[in-house]
Amino acid sequence: MDTNGIDSGKEKRMGEQMEKVPDAPGQSSKKSAGSIALILFLVAFVLGFGAIGAGLCYSAHMREETCSGAAEGKVIKYRKNSSNRGRNRTYTPVVEYQVRNEIFTGETNASSSSRTFEIGEYVMIGYNPANPEEFYIKGYDLNISTRIGIVFLVISGGILAVLVIVLILGKSKISKEKKEKIEAGIIVGGIVFIIFAVFIAVAGLTLTLCAFGAMGLFALYGHFHNKRMDHK
């Protein structure tokens, strides 16, 4: 009698039985509690980012409505702001303008990493008729606030979309291996979309297309270079 064959058959059956043993109640409850905690954290994160983004966009819109007066102003200097021990610097324009024969001087609420305007350059401003000291530079202050708000909204929307799709996949009857591949693709695609949207909001559409186009060409070059090396 072939005892080796019998032993290997027993071991195979024992292995199959061990694979079919379900998780202990304590382990499954810990996994579900961890999943619920992660989902709640992501939901809170999405709501927080979404609220900040919506608040920034709404604030910019209300300021545009309030500052309905229009006047011409002149950038007379910049206030330099430093952080992180002087490593990060931003510049805030100081503008001089005239309303009803009275001259006002004030800083904008927005700063940038570069000096957007030349000193002495004339800019169009919107001011509050009830309080002329409140003003903004048209095409500058509100654009920055709106762009930052859009960045927050895009990040929260992207995370929410990925979370919903992953939860739907978790309830579906697709095989585990296929689910993992789809989830990985969705997460990577969501990250790329968020980066793309942030680039558009911060740098503009033209620079974003140039940057992503250059990265695409570099990726194509690497792909064909690797294929050529494999043929050699």
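Accessible area here comes from the Shrake-Rupley method with a 1.4 Å probe. With that in hand, start with the whole protein.

**Stop 1: the whole chain**

This is a predicted model. Show the full surface. It comes to about 16400 Å², and carbon and sulfur atoms account for 61% of it. Of the 232 residues, 23% count as buried.

Switch to cartoon. You should find five helices and five strands. Trace them from the N terminus: the elements run α-α-β-β-β-β-β-α-α-α. Turn on contacts between residues at least 6 apart in sequence, and 60% of these join residues at least 24 apart.

**Stop 2: the sheet**

Select the five strands. They form an open sheet in the order S3-S2-S1-S4-S5, with antiparallel pairing. Which strands are at the edges? They are S3 (102-107) and S5 (131-137), and each pairs on one side only. Look along the sheet for its twist, which averages 40 degrees from one strand to the next.

Strands of a sheet pair through backbone hydrogen bonds, either parallel or antiparallel. Keep the backbone displayed for the next two stops.

**Stop 3: S1 against S2**

Select residues 69-83 for S1 and 88-99 for S2. The two strands run antiparallel and are joined by ten bridges. Now pick serine 83. Opposite it, in S2, stands asparagine 88.

**Stop 4: S2 against S3**

Move on to S3. How many bridges join S2 to S3? There are six, and these strands too run antiparallel. Pick glutamine 98 and find its bridge partner in S3, isoleucine 103.

Then go to the hairpin of S2 and S3. Two residues lie between the strands. Select arginine 100 and check its backbone: phi is positive, near 50 degrees.

**Stop 5: the salt bridge**

Side chains of opposite charge can pair when their charged atoms come close. A search of the whole structure finds one salt bridge. Select arginine 79 and glutamate 107 to see it; their closest N and O atoms are 2.8 Å apart. Arginine 79 lies in strand S1 and glutamate 107 in strand S3, so the pair ties together parts that are 28 residues apart in sequence.

Are these two residues buried or partly exposed? Arginine 79 has a relative accessible area of 37%, so it counts as partly exposed. Glutamate 107 is also partly exposed, at 36% relative accessibility.

**Stop 6: a patch on the surface**

Leave the sheet and select Leu160, Val164 and Ile168. Together they form a nonpolar patch on the surface, with about 260 Å² of accessible area. Center on valine 164, which lies in helix H3 (residues 141-171). Its relative accessible area is 40%, so valine 164 is partly exposed.

**Stop 7: leucine 169**

Stay in helix H3 and select leucine 169. Why does this residue count as buried? Its relative accessible area is 10%, and buried means under 20%.

Now show what surrounds leucine 169. Leaving aside neighbours within four places in sequence, its contacts are Ile174, Lys179, Ile182, Glu183 and Ile186. For a last distance, pick the C-alpha atoms of leucine 169 and glutamate 180. They are separated by 9.4 Å, while the residues are eleven apart along the chain.

Note on methods. Residues are numbered from 1 along each chain as its sequence is written. This is a predicted model: local features need pLDDT of at least 70, side-chain atom pairs count only at pLDDT 80 or more; totals for chains, interfaces and linings use all residues. Side-chain values use heavy atoms; hydrogens and water are left out. Two strands pair if DSSP finds at least two bridges between them. Helices (H or I, at least four residues) and strands (E, at least two) are DSSP runs, numbered from the N terminus. Axes are lines fitted to C-alpha atoms, for helices over the stretch in contact, and angles run from 0 to 180 degrees between N-to-C directions. Patches are made of residues with over 30% relative accessible area and no salt bridge: like charges are joined within 9 Å, nonpolar side chains (Val, Leu, Ile, Met, Phe, Trp, Tyr) within 5 Å. A salt bridge is a side-chain nitrogen of Lys or Arg within 4 Å of a carboxyl oxygen of Asp or Glu. Buried means under 20% relative accessible area, exposed over 50%, partly exposed in between (1.4 Å probe, protein chains only). Contact means heavy atoms within 4.5 Å.
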